[in-house]
Amino acid sequence: MEHGGCHYCGRTDTFIFAYTGTIIDPSHAEDPELASEHPDIDELCADCINSGNVRKQGATLREIKPLINQFAADKEAATELFHRFPNLPFFQGDTWAICCGDFTEYVGEHPPTKGAYSEYEQWQPQDEVMSRLNLEDFYPLDRLPVMNIMALFHCLHCTRKYWAFQYSGLGWPGPIAGE
Ligand SMILES: [Zn+2]
Ligand SMILES: [Zn+2]
């Protein structure tokens, strides 16, 4: 991805994450005047995302809020933590498994080494797209990884693992033949 560096500190020598949000305090920005006139940002380095000085855009928050309200042990702390997550390239909007009252760790689209899709359970609440497509027909989930559109999460407190299916009209090859 081409980028001009972190939209807050201006660094170009580190990995830049997608992050759609707003700068709270422009005074420490590389260009404080620009940051105060245009507080909206799209790309940030990890330090700036973790600084607590940026906020996710309202639309993203509205999507995740119901999950926080339902599953998080400390709603305020969870919301604060969510502001420190980079955007993930999810097709079906933002979701993030919450287990044991806390956000889980996003591990990517494939199980980490030695892992298998069968170790994962579906993240609730059931995605509306999922149910519409009757994806249960494609269990076991090992029949799905060719699509590379799973979002996998590991609980940091217990052994549970979750998957959220991220359906894409472009990525969906139709029912898998055979078996
Ligand atoms: Zn930065
Ligand atoms: Zn757990």
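**Figure 1. The hairpin between strand 8 and strand 9.** Six residues link strand 8 (residues 150-154) to strand 9 (residues 161-165) in a hairpin. Please keep in mind that this is a predicted model: local features need pLDDT of at least 70, side-chain atom pairs count only at pLDDT 80 or more, and totals for chains, interfaces and linings use all residues. Residues are numbered from 1 along each chain as its sequence is written, while chains are lettered from A and ligands numbered from 1 in the order in which they are written. Strands are DSSP runs of E with at least two residues, helices are runs of H or I with at least four, and both are numbered from the N terminus. The two arms of the hairpin run antiparallel and are joined by five bridges. Phe 153 has Tyr 162 as its bridge partner, and Ala 151 has Ala 164.

**Figure 2. Strand 9, covered on both faces.** Five of the five residues in strand 9 are buried. Buried here means that 20 or more other C-beta atoms lie within 10 Å of the residue's own; 12 or fewer makes a residue exposed, anything in between partly exposed, and C-beta atoms are placed from the backbone. In a regular strand, side chains alternate between the two faces of the sheet. Lys 161, Trp 163 and Phe 165 are buried on one side of strand 9, and Tyr 162 and Ala 164 are buried on the other. As for its neighbour in the hairpin, strand 8 has four of its five residues buried, so strand 8 is largely enclosed by the rest of the structure.

**Figure 3. The four-stranded sheet.** Which strand order does this open sheet have? Its order is 6-8-9-7, with mixed pairing; two strands count as paired if DSSP finds at least two bridges between them. Strand 6 (105-108) and strand 7 are the edge strands, each with a single partner strand, so one side of each has no neighbour in the sheet. At one edge, strand 6 runs antiparallel to strand 8 and is joined to it by three bridges, with Glu 105 bridged to His 154. At the other, strand 7 (residues 121-122) pairs with strand 9 in the parallel sense over two bridges, and Gln 122 has Trp 163 as its bridge partner.

**Figure 4. Two nonpolar cores.** The largest nonpolar core has 20 residues. A core of this kind is a set of buried Ala, Val, Leu, Ile, Met, Phe, Trp, Tyr and Cys residues joined through C-beta atoms within 7 Å. Ala 97, Ile 98, Tyr 162, Trp 163 and Ala 164 have the most contacts inside the largest core. Helix 3 (58-71), helix 4 (75-82), strand 4 (98-99), strand 8 and strand 9 each give it two or more residues. Strand 9 contributes the most, with four residues. A second core is separate and has twelve residues, among them Tyr 19, Leu 44, Cys 45 and Ile 49.

**Figure 5. The three-stranded sheet.** This open sheet has its strands in the order 2-1-3, and the pairing is antiparallel. Strand 2 (40-45) and strand 3 (54-56) are at the edges, each pairing on one side only. From one strand to the next, the twist averages 60°; such angles run from 0 to 180 degrees between N-to-C directions, and the axes are lines fitted to C-alpha atoms, for helices over the stretch in contact. Strand 1 (residues 16-23) is joined to strand 3 by three bridges, with Val 54 as the bridge partner of Ile 23.

**Figure 6. Cys 100 in its loop.** Cys 100 is found between strand 4 and strand 5 (102-103). Its phi is near 55°, a positive value in a residue other than glycine. Is Cys 100 buried or partly exposed? Cys 100 counts as partly exposed, because it has 13 C-beta neighbours inside 10 Å.

**Figure 7. The chain as a whole.** Five helices and nine strands make up its secondary structure. Of the 179 residues, 23% are buried. Among contacts with a separation of 6 or more, 71% join residues 24 or more positions apart; a contact needs C-beta atoms, placed from the backbone, within 7 Å.

Methods
Contact = placed C-beta atoms within 7 Å.
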